[in-house]
Amino acid sequence: MNNLKIENITYLLLCIFCMLLPLFPAIIPVCIILIALSVILNFKNLHVNKIHIPLFYLSLFFYILHAVSFIYSISKKEALFDSEVKLSILVWPIIFLFVKPLNFIKYHNVLLSYIAGCIFSTFILIYNGIACYWEHGWIECFSGSYISPNFHTTYIAVYYIFCIAILMHLILKNIELKLSNIHIPKYVYVLLIIYFLVFIVQLQSKGAFISLLAILGINMFVVFKKSEIRYKKNLFVLIIISVIIPFLFSSNLRDRFSNSFSVLNKPIAELIDDSNKTKDGSAARKIAWYVAINKAFDNPWGYGSGSVKKILTDEYIKLNWKVGQEMYINAHNQYLQTLLSVGIQGLLILIVIIIYLLHNAVKSNNLLLLNFTIIFALNFMFESMFELQAGIVYIWFFICMLNNYDHPMLFLPIEHNPEKNENR
């Protein structure tokens with residue numbers, strides 16, 4: 001088969017993968033296998049992307065730690081399952097080590113495919129809300145887990161936040177893309193940003209909202225420091241206002257933040273009692289963090305892959321925390337989850353990976369990579385995102401893709417017209 005045709009197949013599969021990612025998680029493993037096969041079929045034209053080598057080795061060491069920890073895991077069955085879940089740590093770096101970098105237009109088309117998938121996913125959220133309201137008549141049906149019963153609210157909110165980061169990237173770089181030879185006007189980017197903001201507020205994820213404010217702050221800094229075009233400054237002021245106003249008028253979101261602060265000073269015994277009665281999420285997180293930190297001090301070298309669930313549940317039983325026992329609540333913090341699983345050595349590698357990505361983003365002026373790294377690094381404080389395919393596949397795909405395409409051609413001055421470089 002012609003090498004060019006295989007490369008186009010890989011490109012098409014990447015677009016399909018990104019579109020399906022927020023829609024049909026069950027199909028994602030099939031997409032990954034097809035992408036890997038398309039790269040293998042192009043073996044005669046394979047080359048090593050030197051820029052990707054450091055991330056490849058860091059990912060390889062991180063996965064090896066999880067694989068080796070199988071030896072001393074107290075739950076071999078869970079360890080085996082955990083190794084399968086975390087295969088993305090190994091698979092995506094290998095794929096992007098050999099896949100030929102996409103040109104300017106194809107790279108952004110992959111990102112647009114992801115945005116399209118997220119837009120379609122909002123229709124599902126709307127349908128869920130209407131169906132719930134039709135059955136129960138609750139106004140709460142249009143918020144939180146009611147609109148996203150089958151997809152963790154924090155994860156889908158994070159997906160939408162990255163959509164906003166991509167749209168900001170397109171505006172800041174003055175990139176005009178085409179959809180079936182029709183130019184996408186910039187006001188469409190603005191409308192989509194506001195559209196996604198509405199759903200982020202309604203999903204009511206505190207961690208996601210914090211990371212949203214963080215990337216808005218970063219992009220505002222870039223705009224006011226580097227942009228001399230007045231409308232862009234006005235645009236980002238409008239975006240900030242679009243975040244603040246819903247927050248002020250969303251009593252549920254305000255109450256969730258207020259409750260989070262109120263649990264900070266409560267003793268663990270009182271929180272356990274409250275959690276058993278109300279299943280309060282903020283109380284559950286503090287209890288899980290408390291238990292996880294204590295167990296980490298007991299064994300800083302880790303308990304082995306797949307052992308964390310049993311280790312934590314045994315402690316929940318001792319504390320008589322029924323909710324934790326029934327729901328098998330994890331550490332709700334990826335840093336603590338990694339520390340418990342593969343020890344301080346694994347935590348250090350994870351931190352080095354984050355620092356490497358941040359350094360690479362700043363050094364190469366890769367604003368998208370910077371935004372994405374901050375998004376997941378902040379959400380690691382509130383969720384164990386490597387425990388679900390929706391988290392680990394998503395994160396490792398995008399850090400590899402964004403890190404792999406940070407050559408200067410993708411980060412051009414405002415005056416640049418990408419159409420002139422379509423064939424570069």
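Helix α14 (residues 308-319) buries Val308, Ile311, Leu312, Thr313, Glu315 and Tyr316, where buried means under 20% relative accessible area, exposed over 50%, and partly exposed in between (1.4 Å probe, protein chains only). The model is a predicted one, in which local features need pLDDT of at least 70, side-chain atom pairs count only at pLDDT 80 or more, and totals for chains, interfaces and linings use all residues. Residues are numbered from 1 along each chain as its sequence is written, and side-chain values use heavy atoms, with hydrogens and water left out.

The cover over the buried residues of α14 includes α13, α15 (322-327) and α16 (334-363); helices (H or I, at least four residues) and strands (E, at least two) are DSSP runs, numbered from the N terminus. The twelve residues of α14 should span 16 Å at 1.5 Å a residue, and the end C-alpha atoms are 17 Å apart, in agreement with that value. The expected span of a helix is 1.5 Å times one less than its number of residues. After α14 comes asparagine 320, with a positive phi near 60°.

Two further residues with positive phi were identified in the loop between α15 and α16. Tyrosine 328, although not a glycine, has a phi of about 45°. For histidine 332, also a residue other than glycine, phi is near 55°. Histidine 332 counts as buried, at 17% relative accessibility.

Helix α13 (residues 281-298) contains 18 residues and extends 26 Å from its first C-alpha to its last, close to the 26 Å expected at 1.5 Å a residue. Its buried residues include Arg285, Lys286, Ile287, Val291 and Lys295. Lysine 295, a residue of α13, has a relative accessible area of 14% and is therefore buried. Beyond its neighbours within four places in sequence, lysine 295 is in contact (heavy atoms within 4.5 Å) with Tyr303, Ile311, Glu315 and Leu340. Among these partners, Ile311 and Glu315 belong to the buried residues of α14.

Tyr303 also appears in the surroundings of tyrosine 72, which is located in the loop between α3 and α4 (76-85). With neighbours within four places in sequence left aside, tyrosine 72 is in contact with Trp301, Gly302, Tyr303, Gly304, Ser341 and Val342. Its C-alpha atom is separated by 8.4 Å from that of serine 305, although the two residues are 233 residues apart along the chain. Tyrosine 72 has a relative accessible area of 37% and is therefore partly exposed.

Helix packing was examined for two pairs that share α18 (residues 389-404). Two packed helices are described by the angle between their axes and the distance between the axes. Axes are lines fitted to C-alpha atoms, for helices over the stretch in contact, and angles run from 0 to 180 degrees between N-to-C directions. The axes of α3 (residues 53-68) and α18 come within 11 Å and cross at roughly 160°. Helix α3 is therefore roughly antiparallel to α18; angles under 35 degrees count as roughly parallel, over 145 as roughly antiparallel, 65 to 115 as roughly perpendicular and the rest as oblique. The crossing of α3 and α18 is right-handed. A crossing is left-handed if the near helix is turned anticlockwise from the far one by less than a right angle, and right-handed if clockwise. Leu55, Ser59 and Phe62 of α3 make the contact with Trp396, Ile399, Cys400 and Asn403 of α18. This contact comprises five nonpolar, two polar and no charged residues; Ala, Val, Leu, Ile, Met, Phe, Trp, Tyr, Cys and Pro count as nonpolar, Asp, Glu, Lys and Arg as charged, and the others, Gly among them, as polar.

For α17 (residues 367-379) and α18, the axes come within 9 Å and cross at roughly 160°, so that α17 is roughly antiparallel to α18. The crossing of α17 and α18 is left-handed. In α17, Leu368, Leu369, Phe372 and Phe376 meet Tyr394, Ile395, Phe398, Ile399, Leu402 and Asn403 of α18. Nine nonpolar residues, one polar residue and no charged residue form the contact of α17 with α18.

Over the whole chain, 18 helices and two strands are present. Of the 424 residues in the chain, 54% are buried. Among contacts with a separation of 6 or more, 76% are made by residues 24 or more positions apart.
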